[in-house]
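User: I am new to this structure and would like a close look at one part of it. Please take your time and connect what you find there to the rest.

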Amino acid sequence: CKTTKIVDRHNEDIHERLKGVKWEALPNLKKLDLSENRLYGHIPQYFLRKHSPRLTELKLYMNRLTGSIPSNLGSLTELQRLELDENELTGTIPSQLGKLNKLSTLTVSGNHINGSLPQQLGNLKKLRIFSAHGTRLCTDGVFGISAIDNSGLPRCPTRNPTTFLQESFSPTGSPSTFLFPTMLPSRSPIVPSNHTIHTTP
């Protein structure tokens, strides 16, 4: 079988070129490098619809990609390198990436992604390079993967139960503006206008 490799960089007409690619005709596509282009919008789905089952390298770094990392990247089970750094991606790292047991390189630095790393990444026993600086990611513990454990990511903060309740029930989402009923300031009782309050000294 013929191995296919596509490298297309610094191409101002990249979107039009991609529209003309017949991905279903590339079942042996192994390496796709679209880095350093002006690729914008969400991560393209062209090669994720069962057309590239043998893809081993996907490089999309230094573009203008937005949106979240697609969970169906986890279906590319032959993937060894996934490089998504220096884009404008948001959301979290999907747990489905933990299915990529052949992955040796995962880079997501310089994006707006956040949250806790999914524990499923602990399945990536072949991971040797992991880069996530410049993000708001954190970890909840030790993964047993040196590339992750030594990446310098901070531990996720432990949430104070009182703060959690305040955030959960506050109508404004701000704990500083929410008061539990026992903390509400005292008010004069509401009495119909035709009644009088009598107090006993």
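User: Looking at the salt bridge pair of Lys59 and Glu57, are these two residues buried or exposed?

Analyst: This is a predicted model, and in it both Lys59 and Glu57 are buried, which means that each has under 20% relative accessible area. Their side chains meet in a salt bridge, with 3.8 Å from N to O, a distance that falls within the 4 Å allowed for such a pair. The two do not stand alone, since Lys31 joins Glu57 and Lys59 in a network of salt bridges. As a general point, side chains of opposite charge can pair when their charged atoms come close.

The structure holds four salt bridges, and the others help to place this pair in context. Arg81 and Glu83 meet through their side chains at 2.6 Å, N to O; here Glu83 is buried, at a relative accessible area of 8%, whereas Arg81, at 26%, counts as partly exposed. Glu78 bridges to Lys102, and the closest N and O atoms of that pair are 2.7 Å apart. Because Glu78 sits in the loop between strand E5 (64-65) and strand E6 (81-83), while Lys102 sits in the loop between E6 and strand E7 (105-107), this bridge ties together parts that are 24 residues apart in sequence. Both partners are partly exposed, Glu78 with a relative accessibility of 28% and Lys102 with a relative accessible area of 32%.

A covalent link also connects separate parts of the chain: a disulfide joins Cys138 to Cys156, with 2.0 Å from S to S. The link is right-handed, with 95 degrees about the S-S bond. Since Cys138 belongs to strand E10 (residues 136-138) and Cys156 to the loop between H2 and helix H3 (161-169), the disulfide ties together parts that are 18 residues apart in sequence. Both cysteines, Cys138 and Cys156, are buried.

Turning to the nonpolar interior, the largest nonpolar core has 39 residues, and the members that touch the most others are Leu82, Ile93, Leu117, Leu127 and Phe130. Strand E2 (29-33) and helix H2 (146-149) each supply at least two residues of this core. For Ile93, setting aside neighbours within four places in sequence, the contacts are Ile69, Val108, Ile113, Leu117, Pro118, Leu121 and Leu137. In soluble globular proteins, nonpolar side chains tend to be buried together.

Note on methods. Residues are numbered from 1 along each chain as its sequence is written. This is a predicted model: local features need pLDDT of at least 70, side-chain atom pairs count only at pLDDT 80 or more; totals for chains, interfaces and linings use all residues. Side-chain values use heavy atoms; hydrogens and water are left out. Buried means under 20% relative accessible area, exposed over 50%, partly exposed in between (1.4 Å probe, protein chains only). Helices (H or I, at least four residues) and strands (E, at least two) are DSSP runs, numbered from the N terminus. A nonpolar core is a set of buried Ala, Val, Leu, Ile, Met, Phe, Trp, Tyr and Cys residues joined through side-chain atoms within 4.5 Å. Contact means heavy atoms within 4.5 Å. A disulfide is a pair of cysteine sulfur atoms within 2.5 Å.
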